[in-house]
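Open your viewer, switch on a cartoon view and keep the selection tool at hand. We will go from stop to stop, and at each one you will hear what to select and what is there.

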Amino acid sequence: RQLLRAQRGVIASWQAREVGLSASQLRRAGTTTWQQVTARTYLATEFDLTPAQLRVAGVLEGGPYAALTGHSALLEAGWTGRCDDAVDIVVARDQRSRRVPSPPWLRVHSTVDVPRRSGRPPRVSAARAVFDAACWANTPRERLTLLTSAVQQRLTTTEHIRRQLRS
């Protein structure tokens, strides 16, 4: 139950045993209060998914070593900026090849060097998240707004962002 509480009521099929459920019990979603969110994640309620639960489902869909990044990680760190509803995760390049197709709201980014993860749900550092989101921004103004807002909200520092640029 602690796992479900920590993950906002979302669980991945690969975690089912930890909470005393079999994979077949989860697959019967719809016959109980379990709702299937993605191919590998389930929600323990009949109610609509919240944006925070969607971020948890996204990172769990990516597997045990995935991490939120970009706007998704910044939102989990307390960022108050605006963004679309998509969930950005990062996975190791070799994991991506074994994945099932992602739902349209989930953007999976692969990398050779898996970044350090922290927090619940797992996410990259705020500096890495700002860097990633800035790389994916559509305009220079969007990049600048993102960088300044993350620093002003004390989620990261200019020095941490500078170090991220060098790595």
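The tour below begins with the whole chain and then moves to single sites.

**The whole chain**

Before you zoom in, keep in mind that this is a predicted model. Colour by secondary structure and you should find eight helices and six strands. Walking along the sequence, these elements come in the order α-β-α-β-β-α-β-α-β-α-β-α-α-α. The radius of gyration is 16 Å, close to the 15 Å that the globule rule gives for 167 residues, so the protein is as compact as a globular protein of that length. Turn the model to its principal axes, and the C-alpha atoms fill a box of roughly 50 × 30 × 25 Å.

Next, colour by accessibility. Of the 167 residues, 46% are buried. If you draw contacts between residues at least 6 apart in sequence, 52% of them join residues at least 24 apart.

**The largest pocket**

Now select His 71, Arg 82, Cys 83, Ala 137 and Glu 142 and centre the view on them. Of the 15 residues that line the largest pocket, these lie nearest its centre. The volume of this pocket is about 270 Å³.

Which helices each supply at least two residues of the lining? Select 126-136 and 140-152: these are helix H6 and helix H7, and both do so. H7 gives the most to the lining, with three residues. Colour the lining by residue class and you will see six nonpolar, four polar and five charged residues.

**Backbone stops**

Time to show the backbone atoms. Most residues other than glycine have a negative phi, and most peptide bonds are trans. The next three selections depart from one or the other of these habits.

- Select Arg 120 and Pro 121: the peptide bond from Arg 120 to Pro 121 is cis, with omega near -5°. Pro 121 sits in the loop between strand E6 (106-111) and H6.
- Select Arg 8: although not a glycine, Arg 8 has a positive phi of about 60°. You will find Arg 8 in the loop between helix H1 (2-6) and strand E1 (10-12).
- Select Arg 154: this residue is not a glycine, yet its phi is positive, at about 60°. Arg 154 belongs to the loop that links H7 and helix H8 (158-166).

Are these two arginines buried or exposed? Arg 8 counts as partly exposed because its relative accessibility is 29%. Arg 154, at 74% relative accessibility, counts as exposed, since the cut-off for that class is over 50%.

**Salt bridges**

Switch on the side chains for the last part of the tour. Side chains of opposite charge can pair when their charged atoms come close. The count for this model comes to seven salt bridges, and we will visit three of those pairs.

Begin with Glu 76 and Arg 55, whose side chains meet in a salt bridge at 2.8 Å, N to O. Glu 76 lies in helix H4 (residues 70-76) and Arg 55 in helix H3 (residues 51-61), so this pair ties together parts that are 21 residues apart in sequence. Hide the surface to see the pair well, as both Glu 76 and Arg 55 are buried.

Move on to helix H8 and select Arg 162 and Glu 159. Their side chains form a salt bridge of 2.8 Å, N to O. Both residues lie in helix H8, three residues apart, which is about one turn of the helix. Arg 162 is partly exposed, with a relative accessible area of 38%, and Glu 159 is partly exposed as well, at 30%.

Keep Glu 159 selected and add Arg 163. The side chains of Arg 163 and Glu 159 also meet in a salt bridge, here at 3.6 Å, N to O. Being four residues apart in helix H8, Arg 163 and Glu 159 are separated by about one helical turn. Arg 163 counts as partly exposed, at 47% relative accessibility.

For the final view, select Arg 8, Arg 55 and Glu 76 together. Salt bridges that share partners join these three residues into one network. That brings you back to Arg 8, the residue with the positive phi from the backbone stops.

Technical notes. Residues are numbered from 1 along each chain as its sequence is written. This is a predicted model: local features need pLDDT of at least 70, side-chain atom pairs count only at pLDDT 80 or more; totals for chains, interfaces and linings use all residues. Side-chain values use heavy atoms; hydrogens and water are left out. On a 1 Å grid over the protein atoms alone, a cavity is a set of points where a 1.4 Å probe fits but cannot get out, and a pocket is an open set with protein on both sides within 12 Å along at least five of seven lines; lining residues have an atom within 4 Å of a point. Grid points are joined across faces, edges and corners, and a volume is the space filled by probe spheres set on the points. Ala, Val, Leu, Ile, Met, Phe, Trp, Tyr, Cys and Pro count as nonpolar, Asp, Glu, Lys and Arg as charged, and the others, Gly among them, as polar. Buried means under 20% relative accessible area, exposed over 50%, partly exposed in between (1.4 Å probe, protein chains only). A salt bridge is a side-chain nitrogen of Lys or Arg within 4 Å of a carboxyl oxygen of Asp or Glu. The radius of gyration is taken over C-alpha atoms; the globule rule is 2.2 Å times the number of residues to the power 0.38. Contact means heavy atoms within 4.5 Å.
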